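Subject: Structure for your review

Dear colleague,

Please find below the structure that I am handing over to you. My findings follow it.

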Amino acid sequence: MTKKHPQPLLPRGWLALGLLAGAALLLVLTIYRAHASAPPAAAPGPLLVREGNRLVVPVGSALRERLRVETVGDEASAHEVALPATVEADPARTANIVPPLTGKLVELKVRLGDTVRRGQLLATIASPDLAQAVADAQKARDALDLAQRALVRARGVNEAGSNAAKDVEAAQSAVAQQAAELQRSEMRLRTLGADGSGVSSGRGAQVLNITAPMAGTVTALNAAAGANLNDANAVLMTVSNLDAVWVTVNVPENLVSAVAPGQNAVVTLAAYPGRSFSGKVAFVSAVLDADSRRARARIVFANPEGLFKPNMYATAVLGVPQARQPQVPASALLMNNDSVSVFVEAAPWTFVRRAVEPGREDGDSVRIRNGLAAGERVVVRGGVLLND
């Protein structure tokens, strides 16, 4: 009797894997049959339709979501122009100290950059001319005193009958002449600034005291102690009151007519990045500079903190008035060969290309000289998608 051997059994894992493979195959066949029986999808419509010189964006076109149309504005806003400028001391608040006579600079009482008050002693000068002027005044004073005593004696003698009237008249004339001479010599001392406390004694000689005519800052110093002052017209030092300063703007000839007193201006300084200072034009020169062909417009600024320093470079932005003109965003302009054009909405979602003549830019907007009128609608975003 033959013995039967038992058949080997498959592992359970292999059995499960086979069942999964069969199910997956069945699912793929079902999806394929469903797609095979479905109707074909409709073809997408055109993005753009050309009708002569018109471009139509049909309903359902994706371009409708990417185009933006706005109405052309009509603005008369001022055009901002940036011009170079310089900080200057106000000439009405600046004094050039000139020695009234030649001599020797005995002592300097201040240094460059010092702040001084009105009447403060700045320097002392010794001069032979000063000594001569003081001596002339003393002589005139003494001569007047002598003439006055002679007049008194002449009148007394005349009253006693021992003197003629002409002697009294001569004495009166001498008094008048000496009084005039004294007045002239004292006027000379006042002109020199040497009257009263203006003259002092120093090292056995008289010296002239130079005082500050105004409160301010010593902005220039041109001599040292011990120097000989041989030129009476040379400036010894400069005192400037910087509580208020000028910002002088160089205005080109073609903009002179557009700049006037009272016009708003915004000034920036390289020394203070991120800061701006607002002011108004106070003065426009009546004469142009012969070399630069520019006029000077001055803006006055209060300077309590001393931020503005003479000779600083600045930039002044002036608002130049403009006539009313159509304006569009710069994004609406399209370059087409050598011309500039925009797309104008002729009907809802229907556009026509039109050449325009752009003018000045005002920030993000551009003025249009010709080709557009206020109230028309143009494509301001996505116009390049219509460009062909």
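I begin with a single pairing: V116 stands opposite G216 in β12. Please bear in mind throughout that this is a predicted model.

The strand β8 pairs with strand β12, residues 216–221, in the antiparallel sense, and two bridges join them. This pairing belongs to an open sheet of four strands, whose order is β6-β14-β12-β8 and whose pairing is antiparallel. The edges are held by β6 (94–97) and β8 (115–116); each has a single partner strand, so one side of each is left without a neighbour in the sheet.

Turning to the interior, the largest nonpolar core holds 29 residues, and those that touch the most other members are V247, V249, V267, L269, I299, F301 and F308. Two or more residues of this core come from each of β5 (79–89), β15 (244–252), β16 (264–269), β17 (277–284), β18 (294–302) and β19 (313–320). The largest share is that of β5, with five residues. In soluble globular proteins, nonpolar side chains tend to be buried together.

I299 illustrates the packing. Leaving aside residues up to four places away in sequence, I299 touches V245, W246, V247, V249, A265, V267, G279, K280, V281, A282 and A316. There is also a second, separate core of 25 residues, and V116 is among its members, as are L105, A137 and A223. V116 thus appears both in this second core and in the pairing opposite G216.

Another position that I would point out is L208, which is placed in strand β11, residues 205–211. Is L208 buried or exposed? Its relative accessibility is 0%, and L208 therefore counts as buried, the limit being under 20%. L208 and I125 are 83 residues apart in sequence, yet their C-alpha atoms are 5.0 Å apart in space.

As to charged pairs, the structure holds eleven salt bridges. Side chains of opposite charge can pair when their charged atoms come close. I describe three of these bridges below.

In the pair formed by R184 and E181, the closest N and O atoms are 2.6 Å apart. Both residues belong to helix α3 (residues 165–192), and because they are three residues apart there, about one helical turn separates them. R184 is partly exposed, its relative accessible area being 44%; E181 is partly exposed as well, at 31%.

A salt bridge also joins the side chains of R293 and E253, at 3.7 Å from N to O. R293 lies in the loop between β17 and β18, and E253 in the loop between β15 and β16, so this pair ties together parts that are 40 residues apart in sequence. R293 has a relative accessibility of 42% and counts as partly exposed. E253, at 46%, likewise counts as partly exposed.

Finally, E345 forms a salt bridge with R377, and their closest N and O atoms are 2.8 Å apart. This pair links distant parts of the chain, 32 residues apart: E345 is in strand β22 (residues 339–347) and R377 in strand β25 (residues 377–381). E345 counts as partly exposed at 21% relative accessibility, and R377 is partly exposed with a relative accessible area of 33%.

With kind regards

How values were computed
Residues are numbered from 1 along each chain as its sequence is written. This is a predicted model: local features need pLDDT of at least 70, side-chain atom pairs count only at pLDDT 80 or more; totals for chains, interfaces and linings use all residues. Side-chain values use heavy atoms; hydrogens and water are left out. Buried means under 20% relative accessible area, exposed over 50%, partly exposed in between (1.4 Å probe, protein chains only). Two strands pair if DSSP finds at least two bridges between them. A nonpolar core is a set of buried Ala, Val, Leu, Ile, Met, Phe, Trp, Tyr and Cys residues joined through side-chain atoms within 4.5 Å. Contact means heavy atoms within 4.5 Å. A salt bridge is a side-chain nitrogen of Lys or Arg within 4 Å of a carboxyl oxygen of Asp or Glu.
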